[in-house]
Amino acid sequence: RIVAQSVYFAMAGAALQRKLRFVVPSGNMGDAFAGFVAKQSGLLPHGAEFHCAVNENDALARLLNIGVMERQSAVATPSPAMDISVPSNFERLLYEGTGRDSAAVASLYERFAKTGKAELPKAALTAFQQFGFTASQVTNAQTLAEIEAVYKETGRLLCPHTAVGTFAAKHLQADDTAKEGTSASESAPATVILSTAHAAKFPETVSDVTGAEVPLPARCSDTLDRDEVYERLPASAQAVADTIRAGI
């Protein structure tokens, strides 16, 4: 999956041919790590950055910003795919950040398993910054307000996860302008926001906020009218494997 997702980043890099900042709605960090893979593979321009936009479950932001892994209960948000208390792909980045020191990674996760809290090595935190990783948190209220604002301004319906990304991106760009003045647009990286789902996947949330009907994409418009196609198999792994091979 990470290899497949890295293609999005590589295509953006090839199309824009300039320094890029990817804003990735993130919980488990798989998509953002795919960008890192693309960068390490030479598929992105030098200096590409990755900003993880998280919801009220801010475990990833705490990891990247202050270097602390701490077990906390996840809370419900409008962007449920990001309701993560321990990002499952983070150990991949930590492995790279420790200079591929598997013993150090294993030791940290053992401490976390025993105590529910572990501080990252300072060298790893520095490495994340050098890799181009940053993070910020977006609240539930900000997410819903962003869906409404974008719809009023453009007529586009955003899924809640994408709205987390667009909200974070706007504030990053505002920060660029505040720091650099009118020259910000010339020196700041181009911002690419990864839209991680279609609004039709979360019709109730989007409709409640915008008052608009959320249609299915055209290619899926007749999905609910199609006949269901399935095959019953014996409850065995071998039967499943044989069926897959026969189809191939």
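Charge is a handy place to start with this predicted model: the chain carries 22 positive and 27 negative charges, and the mean positions of the two sets sit 6 Å apart. The surface on which to picture things comes to about 13900 Å² of accessible area for the chain. Carbon and sulfur atoms account for 52% of that area.

As for the overall build, the chain runs to 248 residues, and 43% of them are buried. Its secondary structure adds up to eleven helices and six strands. Measured out along the principal axes, the C-alpha atoms take up a box of roughly 55 × 50 × 40 Å. Contacts between residues far along the sequence feature heavily here: of the contacts in the chain with a separation of 6 or more, 71% link residues that are 24 or more positions apart.

Then there is the matter of pockets. The largest pocket comes out at about 480 Å³ in volume, and 21 residues line it. Lying nearest its centre are R1, Q5, P25, D31 and T196. Two helices, α1 (2–16) and α2 (30–40), are the elements that give two or more residues each to this lining. Of these, α1 provides the largest share of the lining, with three residues.

Key. Residues are numbered from 1 along each chain as its sequence is written. This is a predicted model: local features need pLDDT of at least 70, side-chain atom pairs count only at pLDDT 80 or more; totals for chains, interfaces and linings use all residues. Side-chain values use heavy atoms; hydrogens and water are left out. Helices (H or I, at least four residues) and strands (E, at least two) are DSSP runs, numbered from the N terminus. Buried means under 20% relative accessible area, exposed over 50%, partly exposed in between (1.4 Å probe, protein chains only). Contact means heavy atoms within 4.5 Å. Accessible areas come from the Shrake-Rupley method with a 1.4 Å probe; for residues, only the protein chains shown count as cover. Lys and Arg count as positive and Asp and Glu as negative; His and the chain ends are not counted. The place of a charge is taken as NZ of Lys, CZ of Arg, CG of Asp or CD of Glu. On a 1 Å grid over the protein atoms alone, a cavity is a set of points where a 1.4 Å probe fits but cannot get out, and a pocket is an open set with protein on both sides within 12 Å along at least five of seven lines; lining residues have an atom within 4 Å of a point. Grid points are joined across faces, edges and corners, and a volume is the space filled by probe spheres set on the points.
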